[in-house]
Amino acid sequence: MGRDKHQLNYNILISYFPAVLAALSLFIATPLWALGGNDSSPSTKVNQDSNTCQDTIVSASRTYITSRAQAISDCISAFIACDEQANATAADNCRGALLIRNTGACAEGYLDSGNSTMGSVSRAVFTNGSVALLDTALRTLTSAVATNCFLSGSPDLSLSSTGLGFSPTPVDKFQLVDQLNSVPGGLSCQANQAISVNTPLLNDVVARLWVFHNSCVVVDGGYTLYTSCTVDSQCGATAGKCGKIAAALGTHEDQTLPLCPQDCQPGSMRDPLTGLCSTCPGGYFSSALNASSCTACPQGSSSLPGASACSPCEAGQFSSREGTSLCFQCNTGSYSSSGATSCTACSPGQFGGTAQAVSCLDCGKGTYSSSYGATICDRCSAGSYAGSLGSTSCTLCSAGSHAPIEGLEACIDCPAGSYSNKGATSCTACPAGFKSNTGASSCSQCSAGSASALSGVADCPACAPGHYASNAGATICSACAAGTYASTLGSTSCSQCSAGTYQPASGGIACVNCPAGTFSGSGAGSCTQCPPGFYSGAGETLCSPCVVGKYMSSYGASACLDCPVGTFTGQSGSTSCSACPAGTITSSSGSSSCTPCNSGTFANAGASACQDCPLGTVSGATGAANCSACGPGTYSPTSAGTTCSDCSPGTYQPDSGAAACISCPPGTYSDSHASQCTPCPLGTYSSGGQNTCSPCALGYFAPTLGSTACAACPPGTFTGVTGSAQCLPCPAGKFASDSASSICTSCPAGKYSVEGLQSCTDCPAGTFTNASGSSQCTPCSPGTYAAAAGSTTCTSCSSRTYAPVAGAIECANCPIGYVAQTASAACSACPPGTYNNGTTSSCLPCSAGQYNSSYGQSSCSSCAPGTRSSSTGASGCPSCEAGTYSAAFASTTCTTCAADTFSLGHASSCAPCPSGYSSSAGSSACSQSVGSSGAPTPTQTSSGSTEKPVLCPAGSAHYGIKSSICMLCKPGRYAPVPGMSQCRSCPKNTVAAKFGSKGCSPCKTGKKPNKSRTACI
């Protein structure tokens, strides 16, 4: 695209500019923004200045719109031209290069240097030094309004009757320009609108440019586009700019240009204050262009935001008030037609089951509704029914039928074996002993000889054989008792069993004979068993006792048993055999007595043979029931033993029943008959199997009981006696370097040790010891030092050095201005009037013409002009008296002022008397010459002499019309010309630090005067 195609048409800009003025007029009519002003307010001056400012805004704005639109239009054209490159990469590189510093046409030539021209930025743009067209145009506009709108001495334009009003009120030219740019319909949107007319697809271009917002284009080593940053300085000296076109034209939310207000379409209204269009809210509408307000939708209708008309509520919905954005659904149980303002409740027999219904439904069979507005139909309760549609109530079931669940359309007959009353929800089963037919309302009893144990039966069964029922209405047939029987069906009674037979269970149909080992009488339900000790054959009525030597331990035996080996019985009818007592035996069955065991043997109860006593046990008499175990400390080495032996010394036996003794382990010993070994005492040891322990030798120890050997004392410890249980640490000041030591050696001089060490340690630097056997080192006293470890003495500090604390390893040099003698713990500061420069060991007096007012100084200062010191060792320089002076530094005397000059004291020179005044040598003031033409009349004093007025020089004042004494101005005040009657205070942001100031000095940037204006802080 060629540049001429995008050249801004000036006439088009002019056609848009009245819109700017119209927008600005909203603010000009508002008397809230005052520009300029002074303490007077004549209306003529107000009107003149207001007109001048308004004319300047109109003229300068036209120029600004033209320049701004031209700059952005040229840059847009360059970006569009980049799209015509060979490929996408080349196009990206082309667009990025437009932003490169010093070479990019958009970055440097047209756009600003990182500052957006929208919003509160004109101050930054005005000072950033950029020559870009956008910045230049904005500075031109700012300068124009500053010249004609912020006039020094202008009348107060904030008055409501005369002001040029903007809101809020700007305090300077920068706020005024920012408001002109951002006001609705203001300068920026006018320029954007002009560009939109002449540049096709501008919004699309802005959207593509937005990728460069807050981005840098790095050109070192080739193109690397879209590197993120927030300020230019983060990207280096050759980087491109941040922000740029998209930030100047649009916003990132929609990436389109903010243009000036246009026609408000139906569905919106124009704000009377801002002139902007706003969408009608939901529930309101506007049907015409540029409507001044939105109308509320009537009842029965609604609208969404931005509607040009209202829509009637759909069937099933309603709206009961005006201005609603949506219609409400009819609740369940109601309905409505289109455009309804309310909903109608459903009638009885009907229901509305869903919201937003357009009609109601009839209740189905088995259900009903009895009131208006039903949301569901209730089901008929159990015991009732509804046989038709649209029922409003239900009917109870008749007797003999039932409705077991809710919602039935008919009742059900009761089955055989049950019955029901009217309105029954279920049929009741006939109880046990009763019966019924289908559809019965009651039950009848079972007949005699039959029974029904279950409820709900249709008929009663006859009693089975072995059972009977003697009465009607029986619920069960009773079983014949044990010992009786019934052999036929439907019996009403039972017969007894004959003697010698039995029936063991109820419900029997016949009797059986008693088995062998039992007997019975007539009517027996069971046969009785023979008791233990007795027996019988089959069919017998009595039982016989067991004979001697036999037994029977259970019931119902048909024969008795022989006593087994090891047992016996001595009477008939025995139920059991007795076991032979312990120590006796029987070797055959059927025995009536037991035989005792021999000595050295034993037998348990019921034994058939005697056993030998095992190893470690003995028995000493016949008939022994058991063998005795040898006690602890004894043993028995053979079987069938009769006595136990004692353990010998050096052995032991801790348990009973032992066959041998155990040798004592190492570290223990024992006597005879020992049940345990004793651990060797502390300081002794044994190798095992011994009856005594040996003591440890010198230099050795046994620290625990039961030691098997003695340990050598470690280095740093010793023992001086035998049989030691522990080693003693060498005392502090001594050491033992080898193990198994019996003595410790004293540390030599210069060394020390603490308790229990194997060697001595050198005294640290700064400490010493001059005796052997030392347990600690002594710190060198202040003023002395020890530079090496292992010292036996400390060295005194030399002159001009010192050691301030004990334990020093070296002496420190005194600082310049301080002195010290040999072995000093501190340096002394040279007093005022003296100094020390580090070359001598004493303080030197200041020379005449010099002074020193502080302690510890390395040199003396020269007396300033206006002062002197006439002797050595001065701590200050006295001021020259009035009528004298000293012109040079380091003066030793003050010189008398010559005739026709004077000084006030502390002077570096004498001031000449003004014309018409004179003085004698050494004067402190000048007097007016007598008899001169036009001279003032001398003033008469109390002594009769005349005193002539004095003209004080600059920097002083006479503080009184008749005074002949001039006083120097105090710090913070000044006198700029001769002859002032009093000194002035320094102006704002200036100070005067000295007496006699002729002027005040301004404070540097970042500082301000103190309260007395004598110094900047």
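Helices (H or I, at least four residues) and strands (E, at least two) are DSSP runs, numbered from the N terminus. Counted that way, the protein has 10 helices and 86 strands. What you're looking at is a predicted model, where local features need pLDDT of at least 70 and side-chain atom pairs count only at pLDDT 80 or more, while totals for chains, interfaces and linings use all residues. Residues are numbered from 1 along each chain as its sequence is written, and side-chain values use heavy atoms, with hydrogens and water left out.

Let's start with the whole protein. Of its 1017 residues, 36% are buried (under 20% relative accessible area, with exposed over 50% and partly exposed in between, using a 1.4 Å probe and protein chains only). The accessible surface comes to about 50300 Å², and carbon and sulfur atoms account for 52% of that (Shrake-Rupley method, 1.4 Å probe). Now for contacts, meaning heavy atoms within 4.5 Å: among those between residues at least 6 apart in sequence, 40% join residues at least 24 apart.

Next, the largest nonpolar core (a set of buried Ala, Val, Leu, Ile, Met, Phe, Trp, Tyr and Cys residues joined through side-chain atoms within 4.5 Å). It has 22 residues, and Ile57, Tyr64, Leu141, Val145, Cys149 and Leu187 touch the most other members. Four helices each supply at least two residues of this core: H2 (43-82), H6 (133-149), H7 (173-182) and H8 (187-198). H2 gives the largest share, with 10 residues.

Further along the chain is the largest pocket, with a volume of about 520 Å³. On a 1 Å grid over the protein atoms alone, a pocket is an open set of points where a 1.4 Å probe fits, with protein on both sides within 12 Å along at least five of seven lines; lining residues have an atom within 4 Å of a point. The volume is the space filled by probe spheres set on the points. There are 20 lining residues, and Ala907, Ser909, Ala954, Leu968 and Gly996 lie nearest the centre.

Finally, two single residues. Serine 753 sits in the loop between strand E59 (751-752) and strand E60 (761-762). Is serine 753 buried or exposed? Serine 753 is buried, because its relative accessible area is 0%. Not counting residues up to four places away in sequence, serine 753 touches several others, including Pro731, Lys734, Cys747 and Ser775.

Threonine 601 belongs to strand E41 (residues 601-602). With a relative accessible area of 11%, threonine 601 is buried too. Leaving aside neighbours within four places in sequence, its contacts include Cys610, Asp612 and Ala624.
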